[in-house]
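Here are a few notes for you to read alongside the model. I hope they help you find your way around.

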Amino acid sequence: MADAPVPITEWPDYTVTPTGGDVMTQDLNALYNKGDLCWMLVCTCLCWQITPAIGFLYAGMHRKKAALTMIFQSLFCACACGIQFWVYGYSLYQSHTTGPFIGDLSLAGLHNVLAYPSLANPDIPDILYACFGFTFVTCTAMILAGAMLERGRLWPSMLFLLCWTTFVYYILAYWEWNPSGWLYKLGVYDFAGSGPVHIASGFAALAWAIMLGRRKDPHNESLHHKLPHFRPHDPFLVGLGTILIWFGWFAFNGASTANLSMRSIYVVVNTNLAACGGGIAWVLLEYTYSKKFSIIGFCSGIISGLVGITPAAGFVPVYVAALIGALTSCCSFMTVKYKHLIGVDEGLDIFAIHGVGGYVGDVLTGFFAAKYVPALDGRSNAYDGGWWDHNWKQMGYQLAAATVCASWSFFISIILLFIIDRIPGCHLRASEEDELRGLDYKYFHDVDKSTEVLYGYDTATATPGRAGTRSGSASAEEMGVQAVPAKQD
């Protein structure tokens, strides 16, 4: 373990360009353990891939005519949310001197962010934690982006994502992760972002789906007679995206200790076991109902397990990690199974997996937390554990925090969407023609219009009711039209 950093009050002003820069640089580099710096930097690079991986996952779950839109959104989130994070985002939730509800702009543009000990852990410098935190906001925005599913206009969607991160993500992140935040002071346990990341994005996705309304289905192709549900066009992409997400999640959770310690290793083990438990639980439940397996279901279960362990990974014993993943997966599965009861067309199950899964994970964290697990990082010795350690009030704190995050995200999202929808030229829903033809054809040059015919549209002329190509006829598979099996209950 590295020596304790010099208190901030005794630090020189490193924002001033030093004379004799070589000496100053050596002093800065000597302040921190190189192992901590390497661990955090490598994990930051691995975390970044989660954002495009979610794009692959969502693209595979879409119908082919709107798959490229999700790849585009993942790149947009990585770029635009990254710029926003630099301009003011990091300052809003990691300001060093602020009140209980929101940060200030003292670190805007990463001004004064260099080698001061970070608020997350004095073992690493502020600039490194900022680098790591950037990956959180981009993947959170991308989780939410899937809610525009095949019928949301691209420009208003991008505007909403930037507004949402400003008024929802950064505020909730401040409440839970900044030592001045009121939920942090209350004593809430959220190791790697259940509230600001999963609960917030899940409930915002529900709000977005409500505001957009159901998808059109003029040809009665839905696999479910009560709610629009269409077969994903590429399970291979779904599997690839899940593999990359699982890999990146080791870094997402593991580096949230903000140093390299025994707790980091413990967190990675917990993360893996929860993913395993979640995947197995979903597959068993699915087989019980349908007598068949599903790649989509297996991937959904794995991600549900990862979501459930996110708030708990640095607090719970290793022998309950698989159980937490399995319980979260079961709750998410049952939400998906009966989602038609609420009648909302949220086809990627963001609400079920991230919203409900994150809520369950928060509660299970309060139940299973053990005081010795946080202490494995050599610094976090002030935790009292959860229900198992007879800290009964922790369950109340966790329930309160989960409910606050869900409510804030849902209602602020509804307000933002309502306002954006009424800005001239920013209505949320695509036209019926664009929706039926496909968002990819509306927005991207990359689509091969000479060979693809989708849902009764001649792509050469965009004329409804004609199904043909420039060079002969096309099969049903080439046209993107799926055979309609018996409707599901």
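1. A word on terms before we begin: two residues are in contact when they have heavy atoms within 4.5 Å of each other. Please also keep in mind that this is a predicted model.

2. Let's start with Leu41, which lies in helix 2 (residues 34-48). Once its neighbours within four places in sequence are set aside, Leu41 is in contact with Leu128 and Cys131. Phe132 is 91 residues away from Leu41 along the chain, yet the C-alpha atoms of these two are separated by 7.4 Å.

3. Is Leu41 buried or exposed, or does it fall in between? Its relative accessibility is 45%, so Leu41 counts as partly exposed; the class covers values between 20% and 50%.

4. Next, have a look at helix 4 (residues 67-94), which bends by about 65° at Trp86. Helix 4 has 28 residues, and a straight helix would reach 40 Å at 1.5 Å a residue, but here the end C-alpha atoms are only 36 Å apart.

5. On to the empty space: the structure holds three cavities of 30 Å³ or more. The largest cavity has a volume of about 140 Å³. Its lining is made up of 15 residues, and nearest the centre lie Leu57, Tyr58, Ile303, Ile353 and His354. Helix 3 (50-61), helix 9 (235-254), helix 11 (295-309) and helix 13 (350-368) are the elements that each give two or more residues to this lining.

6. What is the make-up of the lining of the largest cavity, by nonpolar, polar and charged residues? There are 13 nonpolar residues and two polar ones, with no charged residue in the lining.

Methods: Residues numbered from 1 in each chain as written. Predicted model: local features only at pLDDT ≥ 70, side-chain atom pairs only at ≥ 80, totals over all residues. Heavy atoms only, no water. Helix = DSSP H or I, 4+ residues; strand = E, 2+ residues; numbered from the N terminus. Expected span 1.5 Å × (residues − 1). Bend = angle between axes of the 7 residues up to and from the residue. Buried < 20%, exposed > 50% of the residue type's maximum accessible area, 1.4 Å probe, protein only. 1 Å grid on protein atoms, 1.4 Å probe; cavity = no way out; pocket = protein on both sides within 12 Å on 5 of 7 lines; lining within 4 Å. Points joined across faces, edges and corners; volume = space filled by probe spheres on them. Nonpolar A, V, L, I, M, F, W, Y, C, P; charged D, E, K, R; others polar.
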